[in-house]
Amino acid sequence: MGRLKQKGKAGAAKAYVTRSSAVKKLQCSLADFRRLCILKGIFPREPRHKKRANKGSTAPTSFYYAKDIAYLAHEPVLNKLREHKAFAKKISRALGRGEWSIAKNLEDNKPVYRLDHIIKERYPSFIDAVRDIDDALCMINLFASLPSNSRVSHALIENCARLTAEWQLYVMHTRSLRNIFLSIKGIYYQAEVMDQNVTWLVPYQFPQNIPSDVDVRVMLTFLELYQTLLGFVFFKLYTDAGLVYPPPLDSGKDESGAGVGAFNLQSANPSPATGALKSDTPKVSSKEVRQTIKKITAETSSVPPTDVDIDHPDSLHDAAEEEFVPQASKSDLDVPSSLPTLLSLSSLPKLSSTNIFSPYTFWLSRESSRSIFEFLIRSFGGRIGWPVSSGGGSPFTEDDEAITHVIIDRPVAKGDTAQERERRRRRKYVQPQWVVDCINAGKILLEDIYAQGKTLPPHLSPFGERDGAYDPTIGLANVENSLAEVDDAELSEDSQEVEDVEMGSELEGDITSMASLAVAAADNPEALRAAELAAEAAGVDYGTFEKEVQKKQKQQKQKHKEDAVVNGGGEEDMNKILMSKRKRQLYERMKYGEKKRATEHAKLEEKRAEIEKDRRRKARAS
């Protein structure tokens, strides 16, 4: 006889734990449990059978893996949270009794936890951390723009602003910026760091407020984790680039509003002129250690072991420039190994598009955002200056003869002086979108269409859109042809009405009927030829007849497409019958999304055609 199965001892009931049971097992508050789950990356799960997982109960609740809860039970941060709870009780009692010395000693020995071990657990390799800093960058940029209040301290906002400046300095130094998109939400940036695309969102510089219905405690827990993560990542990036981290801050420039320019990038390798102190102990590189071990291993098989002299270099320069030697695969000897190293990646030539602004010098007008365009232009090798009203630290003034472009975002003013006219003759006055479009295109675009006061072309997202998405720059020829046909038809109709309104209406009905017959007899050449002869006998121009035929053909094709979408094919219906319920629902959602996107695309195309038609009518009327 087999072992009897007890209810709730196996299966889903054992694999899942409810949130209340998890809090009771860990002996912590609900707020501490949420903080632990955020820090450790543990989130609720959805069991396939909720009733079985909840041991027969159908009450709504959250479920977690039992293994995850057991994993949290051994977390050192949990012990620190328990110690902090005891500390809060002790200091509250001391303050209530008026024991100020005891309260001061307790405050000095306040339990503090660190998240270094959690970062190492969640990101075993540095590339894993780089892939996951998108959300961290978005979060610190958001908090850097918030005002301080009782819930968000001023020191926290200053730390976020420092981290954002350090990230911008690294991107500008390494020329890693690739794409920018100016959206309603903010500015999307994309940089390439360690062969990984890092995309983050920066809000515009408008006054922000913290909504009262937002739980700031949850966001602060995420921010605490992200600050520690970015500290690790930035230290590694700066060290690999040969820079000192954190970069020193010039307090004088910071008080004058220099922004990113208040930080000074310093090389981590001291020059010989600085007289760096050398250690008396000899340094041994890892390459020489491996060569020595290999030599000892080879000699031990035939010759008795002897003493080996190791040459000691004077510095770690050889270890820094050590080249990785790729080894062939042991499983497949025919396939050679070609693994890239940090040294080989850094030695690759830089793309020419990363220095597109290097020959130019820019002046930023007072109404343009200095923090945005200073970051963009310096990331691509350009020089930029700004007026004193935008902050201190400008490398040159407005009268500098080297200025080639002026970024301006206001209408053209009348009554320029002779000096201003001379400046306009020597400089290019462009709107801010020109800078972003040049970066996305990877080349310098013509300044004429971005000149001050002109209507700008559409600003498109550089991040790969889905197939079939609406693109204003594609299909312009088709729109122009259709608009030309519409204009010709309107002109012919106007002239026809001037000559004879009644004859025009009768002839239009004859053309429409003949065109319908021609479309219906498109497969029969003889019937099509007969319709053409009938139109010629009625005195209809051949060009007008052909345009009407093409118009009817387009309408007929559109009608066929709509019928196909509405009715569907028999084969498609048979396939849907053979699908399971879940797959059928997923397929219907996919088709609904495709139909919705196609409708939006058609509306945009129609709106675009109407705008072009109105523009042509106004131009012809004027």
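The following exchange concerns the sheets, cysteines and nonpolar cores of a predicted model.

Colleague: In what order do the strands of the open four-stranded sheet stand?
Modeller: The pairing in this sheet is parallel. Its edges are formed by β7 (383-385) and β9 (428-430), each of which pairs on one side only. From one strand to the next, the twist averages 25°. The order is β7-β6-β8-β9.

Colleague: Which residue of β9 stands opposite His 405?
Modeller: Strand β8 covers residues 405-407 and runs parallel to β9, with three bridges joining the two. The residue in β9 opposite His 405 is Lys 428.

Colleague: At about what angle to β7 does helix α17 run?
Modeller: Helix α17 comprises residues 370-379. The helix lies across β6 (361-364), β7 and β8. Relative to β7, its direction is at about 160°.

Colleague: Why is one side of β3 and of β5 left without a neighbour in the sheet?
Modeller: The open sheet has three strands in the order β3-β4-β5, paired antiparallel. β3 (177-182) and β5 (196-202) therefore each lack a neighbour on one side, because both stand at the edges and each has a single partner strand.

Colleague: Which residue in β4 stands opposite Leu 182?
Modeller: β3 and β4 (residues 187-193) run antiparallel and are joined by five bridges. Opposite Leu 182, the residue in β4 is Ile 187.

Colleague: How many disulfides does a search of the whole structure find?
Modeller: A disulfide requires a pair of cysteine sulfur atoms within 2.5 Å. For Cys 37, the nearest cysteine sulfur belongs to Cys 28 and is 8.4 Å away, so Cys 37 is in no disulfide. Over the whole structure, the number found is zero.

Colleague: Is Cys 160 buried or exposed?
Modeller: A residue counts as buried under 20% relative accessible area. Cys 37 is buried at 7%. Cys 160 has a relative accessible area of 0%, so Cys 160 is buried.

Colleague: Which residues touch the most other members of the largest nonpolar core?
Modeller: This core holds 86 residues. Phe 357, leaving aside its neighbours within four places in sequence, is in contact with residues including Phe 362, Ile 377, Phe 380, Trp 434 and Ile 444. The residues that touch the most other members are Phe 33, Trp 167, Tyr 189, Trp 200, Phe 357 and Leu 376.

Colleague: How many residues does the second, separate core have?
Modeller: Its members include Trp 363, Phe 396, Ile 403 and Val 406. The number of residues in this second core is six.

Definitions and conventions. Residues numbered from 1 in each chain as written. Predicted model: local features only at pLDDT ≥ 70, side-chain atom pairs only at ≥ 80, totals over all residues. Heavy atoms only, no water. Pairing = 2+ DSSP bridges. Axes fitted to C-alpha atoms, helices over the stretch in contact; angles between N-to-C directions. Contact = heavy atoms within 4.5 Å. Buried < 20%, exposed > 50% of the residue type's maximum accessible area, 1.4 Å probe, protein only. Core = buried A, V, L, I, M, F, W, Y, C linked by side-chain atoms within 4.5 Å.
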